[in-house]
Amino acid sequence: MIDRLSIEVIGHINSCFTEKFGTPRQSGLVPSAAARLRLCDPFNRREMVRGLEEFSHLWIHFVFHQAMEDGWKSTVRPPRLGGSRRIGVWATRSPHRPNFMGLSVVKLEGIEFDHGVELLLTGVDLLDGTPVLDIKPYLPSSDRIEDASAGWAAPELEALEVAYRPEAADFCSAYETKTGVPLRQLISEVLRQDPRPPSQREKKEMYGMRLYDINVRWQASGASCLVRSCEKIG
Ligand code: SAM
C-alpha cells in the first residue's frame with residue numbers, strides 16, 4: 001500500500017486576492033474574480049493544453065499553502081454556521097485539512113502563450129501565489145448533479161447591498177480606464193457575499209480589504225454597505 005506520495009507543483013496562481021479577507025468562500029460566487037495560472041516547466045509544454053480551449057470550465061486542484069503553517073484540524077467551525085457548531089473536517093471545504101488540498105471549478109477565459117503557457121481564469125476563490133497540482137476539464141454531463149443536497153452548507157440567500165461614495169466610484173472608473181480591470185464590479189461582487197465573519201455582522205465597523213494592489217475601505221450597516229475609499233497600496 002502506498003502511504004506517502006511526492007507530488008509536483010505544476011503551476012502557480014496570480015490572483016486579484018492578495019489577502020484572505022474578502023476571498024470568496026467558494027469559486028463561482030464572484031464571477032469577476034480573475035486569476036492567471038502560470039504553468040511551470042516541464043508542465044508547460046504547448047501540447048499539454050491542446051484541446052483544453054474547447055472547455056468553458058475547469059477543475060483546479062491546488063494546495064492551501066497559507067493554511068499549512070497552522071496545521072490541520074479534525075473538526076472545524078464553518079464561518080457560515082456563525083462559528084458555533086463543530087463539523088468534521090471531511091464534511092467541510094476548510095483549508096485546514098490533511099494534505100491541504102483544495103478543489104475549485106473556475107471559468108476558462110483563454111490560454112496565452114506569450115510567456116510559457118498561461119490560463120486566464122475567472123470566478124476564482126484562490127489566493128495569489130496558490131500552488132496548483134492538477135487541471136481537469138469540467139464535464140457537465142457527469143459533474144453536474146441536479147438533485148444533490150448541500151446539508152449544512154446550503155447557499156446563503158441574503159446579499160449585502162453595495163453603495164459607493166463619489167470619490168471611491170471615481171477611483172474605480174479611473175482604475176478601470178487605466179488597467180482594464182473592472183474594479184467596481186469586482187468590489188461589488190465581493191461585498192455582496194458579505195465577507196465579514198458572522199460574529200461581526202451586528203457591528204457597524206470599518207473594514208479594509210485588499211484586491212490587486214488596492215486597499216478598499218468599507219462600512220456595513222444592516223443589509224447594506226458603503227465603499228468609503230479605494231487607495232493604491234505602495
Ligand atoms: N473551492 C475550494 C475547495 O472547496 O476546496 C476552496 C474553498 S475554501 C472554503 C475558500 C477559502 O480558502 C477562501 O475564502 C480563502 O480564504 C481560502 N484560500 C484560498 N486560497 C488559499 C490558499 N492558497 N491558502 C490558504 N487559504 C486559501
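**A sheet, two helices and a few single residues**

Okay, let's start with a pair of strands: β10 and β11, the latter covering residues 214-221, run antiparallel to each other and share 6 bridges. I say "pair" when DSSP finds at least two bridges between two strands. Strands here are DSSP runs of E with at least two residues, helices are runs of H or I with at least four, and both are numbered from the N terminus.

Before going on, a word on where this comes from. This is a predicted model, where local features need pLDDT of at least 70 and side-chain atom pairs count only at pLDDT 80 or more, while totals for chains, interfaces and linings use all residues. Residues are numbered from 1 along each chain as its sequence is written, and side-chain values use heavy atoms, with hydrogens and water left out.

Back to our strands. Y207 has W218 of β11 as its bridge partner. β11 also pairs with β12, again antiparallel, over 8 bridges, and there I214 is matched with K232 of β12. These two strands make a hairpin with 2 residues between them, and G222 in that turn has a positive phi of about 60°. Then β12 pairs with β9, this time in the parallel sense, over 4 bridges. There, A163 sits opposite L226 of β12.

So what order do the strands take in the sheet? It goes β9-β12-β11-β10, an open sheet of 4 strands with mixed pairing. β9 (161-164) and β10 (206-211) are the edge strands, each with a single partner, so one side of each has no neighbour in the sheet. From one strand to the next, the twist averages 30°.

Now the helices on top of that. α2 packs on the sheet and touches β9, β11 and β12 (224-232), and its direction makes about 55° with that of β12. By touching I mean contact, heavy atoms within 4.5 Å. α3 packs on the sheet as well, touching β9, β10, β11 and β12, at about 140° to the direction of β9. For these angles, axes are lines fitted to C-alpha atoms, for helices over the stretch in contact, and the angles run from 0 to 180 degrees between N-to-C directions.

How do the two helices sit against each other? α2 (residues 166-179) and α3 (residues 183-192) pack at about 125°, with their axes 8 Å apart. That makes α2 oblique to α3; under 35 degrees would be roughly parallel, over 145 roughly antiparallel, 65 to 115 roughly perpendicular, and the rest is oblique. On the α2 side the contact uses A169, F171, C172, Y175 and E176, and on the α3 side L183, R184 and I187.

Next, cysteines. How many disulfides are there? The count is 0, taking a disulfide as a pair of cysteine sulfur atoms within 2.5 Å. For C16, the nearest cysteine sulfur belongs to C172, and that's 13 Å away. Is C16 buried or exposed? C16 is buried, because its relative accessibility is 0%, whereas C40, at 22%, counts as partly exposed. The cut-offs are under 20% relative accessible area for buried, over 50% for exposed, and partly exposed in between, with a 1.4 Å probe and protein chains only.

Last stop, G83, in the loop between β4 (75-76) and β5 (87-88). G83 is partly exposed, at 28% relative accessibility. Setting aside neighbours within four places in sequence, G83 is in contact with R77 and P78. From G83 to R97 it's 14 residues in sequence and 17 Å in space, C-alpha to C-alpha.
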